[in-house]
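Here are a few exercises to work through with the model open beside you. Try each task before you read its solution.

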Amino acid sequence: MSRKSLCALLLLSVLLLYCGDGMEDSPAEEAEMAWPEIAGYEMMVVPADNPMDAAKVALGKQLYYDERLSGDGARSCYGCHLKENGLTDGRATALGAFDKQLTRAAPTMWNVGYYDALYWDGRSTALEKQVQGAWSGGNMGASGNDGAPSMEDICANLNEIPGYAEQFEAVFGGPATPDNVAYAVAAFMRTIVTTTENSRYIAFQAGDESALNEQEQRGWTIFSEKVKCTNCHDGRLLADKQFHNVGIGMDAENPDIGRGKITEAEEDTGAFKTPSLFDISKSAPYFHDGSVATLEEAVDLMLSGGKENEWLDETNLADAKNADLSDEEKADLMAFLKALDVEYAIEEPTLP
């Protein structure tokens, strides 16, 4: 067979493959429906009433970056989860709409779609509800109280913007409402994922040993085997989805009891959700109250076994407390933690 004939046969095979009766979607449509995922980890659970869709994600991305969504028109969702701060705001505790000082730090958004309990205390179990809670609460200030606009008021404004009105009609078949705004934003947030392309740690866990250098690999061994940080900062998420008391803030006169306020169980007193360690080198200050200024101090605190209090999780902290690291081992551990940086390659959208 001539080279020309072979090329023609290959071209015909490709056309049959993509245009045959068994092909329901075009390659372009398939590409649009491919969402980022964590290699080697369970699939993200997406609610049946809010399936992923390219147009919905694009709309949600614009809303996530749009300051017009807030009660004071001065802050966006992204504004509290900045890439230069590891998708936090770099503050000890978050500053909400109308410059309201909040009581807890803004958590990182990496892999937020994989969690079944949100906020530091896990009080929200659905991302869509979390979006509405942050939007109407202190974070974004669309409360409808004390002269502030409500979510409905802001939706009315969005519907006056032709670019948004057209997109909401196309995606949801109607105007913007608090529910479908939250659905769109949640869909976009489910794409904020650590992958083998943007995370050296995920690439390493997926089998690429060259993704971490020798010192970082030594640090990983110390992290996972000697100090056993993986008791809580486990697996691909670097978090166990559980709640632990490590003593932060428990020496206050009226301490924030975290998960204990939600469950009313004594054993949950002072327990907070394990934070993911992705981008940890960028997200100072640390812990739910931002009370620890540097990563080195945070590591030292954990290596000391946390802060003593009645409900301290001594079981999971025992290995760290007894590790007795040398200066070289601690340097290796720090090198590994800094290797958990992630490249945030999401480009800021053009807003309507």
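**Exercise 1. Get your bearings.** How many helices and strands does the protein have?

*Solution.* Start with the ground rules: this is a predicted model, where local features need pLDDT of at least 70 and side-chain atom pairs count only at pLDDT 80 or more, while totals for chains, interfaces and linings use all residues. Residues are numbered from 1 along each chain as its sequence is written, and side-chain values use heavy atoms, with hydrogens and water left out.

Now count: there are 13 helices and 2 strands, taken as DSSP runs numbered from the N terminus (helices H or I, at least four residues; strands E, at least two). Next, the extent: the C-alpha trace spans about 75 × 65 × 30 Å along its principal axes. Finally, burial: 48% of the 352 residues are buried, where buried means under 20% relative accessible area, exposed over 50% and partly exposed in between, with a 1.4 Å probe and protein chains only.

**Exercise 2. Find the core.** Which residues touch the most other members of the largest nonpolar core?

*Solution.* First, the term: a nonpolar core is a set of buried Ala, Val, Leu, Ile, Met, Phe, Trp, Tyr and Cys residues joined through side-chain atoms within 4.5 Å. The largest one holds 82 residues, and the members touching the most others are L63, Y64, W135, L158, V181, F223 and L337. Helix α7 (residues 178–189) gives the most to this core, with 8 residues.

Then zoom in on W135. Leaving aside neighbours within four places in sequence, W135 is in contact with L69, M140, G141, A142, M151, I154, C155, P178 and V181; contact means heavy atoms within 4.5 Å.

**Exercise 3. Look at α7.** Is α7 largely enclosed or open, and what covers its buried residues?

*Solution.* Check the burial first: 10 of the 12 residues of α7 are buried, so this helix is largely enclosed by the rest of the structure. Among the buried ones are P178, V181, V185 and F188. The cover includes α3 (54–65), α4 (127–136), α5 (151–158) and α6 (162–172).

Now turn to α3, where the buried residues include L59, L63 and Y64. The buried residues of α3 pack against α5, α6 and α7.

**Exercise 4. Compare two helix crossings.** At what angles do α9 and α13, and α4 and α5, cross?

*Solution.* Take α9 (residues 214–226) and α13 (residues 327–338): their axes come within 7 Å and cross at roughly 100°. Axes are lines fitted to C-alpha atoms, for helices over the stretch in contact, and angles run from 0 to 180 degrees between N-to-C directions. The pair is therefore roughly perpendicular (65 to 115 degrees; under 35 is roughly parallel, over 145 roughly antiparallel and the rest oblique). The contact includes W220, I222 and F223 of α9 and L333, F336 and L337 of α13.

Next, α4 and α5: their axes come within 10 Å and cross at roughly 95°, which makes α4 roughly perpendicular to α5. Here Q132, W135 and S136 of α4 meet M151, I154 and C155 of α5.

**Exercise 5. Place K321.** Where does K321 lie, and which residues does K321 touch?

*Solution.* Locate K321 in helix α12 (residues 314–321). At 48% relative accessibility, K321 counts as partly exposed. Not counting residues up to four places away in sequence, K321 touches L303, S304, G305 and E308. K321 and G306 are 15 residues apart in sequence and 8.3 Å apart in space, C-alpha to C-alpha.
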